[in-house]
Amino acid sequence: MENVTRVDGIPRLPPREPDSHKGTFGRVLVVAGSRGMTGAAILCGTAALRGGAGLVQVACPRDVQEIVASGNPCYTTLGLGMGRNGQFDPQTIDEVVRNGEQATVLALGPGMGNRSDVGDVVRAVLMRLRDKPLVLDADALNTLPLTPDVIRTRSGSVVMTPHPGEFARFCRTNAAGVQANRESLAVTFAKTWNLVLLLKGHRTIVTDGTRVYTNTTGNPGMATGGSGDVLTGLIAALIGQGMSAFDAACLGAWTHGRAGDMAAAEVGPVSLIATDLLRYLPAVFRRELG
């Protein structure tokens, strides 16, 4: 494509200074989970920890808070109230925004459910936390309005991480149409919406509309539930440590895929599950990115 710079190398996190503390490496607020989808919140929160975030808080519905809290003792949790009709009440949205003000970066969407109340939370965060970097995945994408205006006016960066089916909704086509023209659609969308797009799939594409990175790591075994939740938390952690949205998405895609390759070498692509990715993230950072 013309006027697009192709990026080949991956960025690296800087070495950690001896006098660093928890605040040095960012505070990630993960808004995720719902009844029957607690695993998404746990995977995303744990990935943010494994990605190097100093502090991670997972906000989830109060009726599943104990389950999410038991998933990892290293993050804190925030229980969100629900109205009688099953939707978020205004106080809950205010609580998400209030805690988001204290965060370095927010990750929204994994396992939240495709309901109108989820859309209310996503829109409130976009509009009321305009200066905060966001990583949007899964149900945050499914409930996002099909207009760039809500994002283009923000000063905080936005990373969207759709799979082809989710991205097709924004392109008003289907997954096959996306796959037939992945790079061109991704670049045009990122430029129009003024964001970083990570389009999942074989040879994941990361673009901000002017630069394009095509990832070379990963394998078919990663086509399993929860894999995207790990990626979302990982990218948020990298942004929290000071990386730009584009660099964090590139490094996140590469690291995520490399962890998947290590896992597949041990358990095989058929038996690979998302928690295997969490197990191998430390090895990637230590052996190949140290």
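Me: Helices (H or I, at least four residues) and strands (E, at least two) are DSSP runs numbered from the N terminus; with that convention, which helices each supply at least two residues of the lining of the largest pocket?

Reply: This is a predicted model, in which local features need pLDDT of at least 70 and side-chain atom pairs count only at pLDDT 80 or more, while totals for chains, interfaces and linings use all residues. Residues are numbered from 1 along each chain as its sequence is written, and side-chain values use heavy atoms, with hydrogens and water left out. A pocket is an open set of points on a 1 Å grid over the protein atoms alone, where a 1.4 Å probe fits and protein lies on both sides within 12 Å along at least five of seven lines, its lining residues having an atom within 4 Å of a point. For the largest pocket, the helices that each supply at least two lining residues are α7 (164–171), α10 and α11 (245–267).

Me: Which helix gives the most to that lining, and which residues lie closest to the centre of the largest pocket?

Reply: With four residues, α10 gives the most to the lining of the largest pocket. Of the 30 residues that line this pocket, the closest to its centre are K200, G201, M222, S227 and H256.

Me: What volume does the second largest pocket have?

Reply: The second largest pocket is lined by 16 residues, and those nearest its centre are L13, P14, P15, R16 and Q241. With volume taken as the space filled by probe spheres set on the grid points, which are joined across faces, edges and corners, the largest pocket holds about 670 Å³. For the second largest pocket, the corresponding value is about 310 Å³.

Me: Which strands form the edges of the ten-stranded sheet?

Reply: The open sheet has mixed pairing (two strands pair if DSSP finds at least two bridges between them) and follows the order β1-β10-β9-β8-β7-β6-β5-β2-β3-β4. Within it, β7 (residues 158–160) and β8 (residues 196–199) run parallel and are joined by two bridges, with V159 standing opposite V196 in β8. The strands that pair on one side only, and therefore form the edges under the pairing rule, are β1 (5–7) and β4 (76–80).

Me: What angle does the direction of α10 make with that of β5?

Reply: Neighbouring strands of the sheet are turned by 20° against each other on average, direction ignored. Helix α10 (residues 227–240) packs on this sheet, touching β2 (27–31), β5 (105–108), β6 (134–136), β7 and β8, where contact means heavy atoms within 4.5 Å. Axes are lines fitted to C-alpha atoms, for helices over the stretch in contact, and angles run from 0 to 180 degrees between N-to-C directions. Between α10 and β5, the angle is about 170°.
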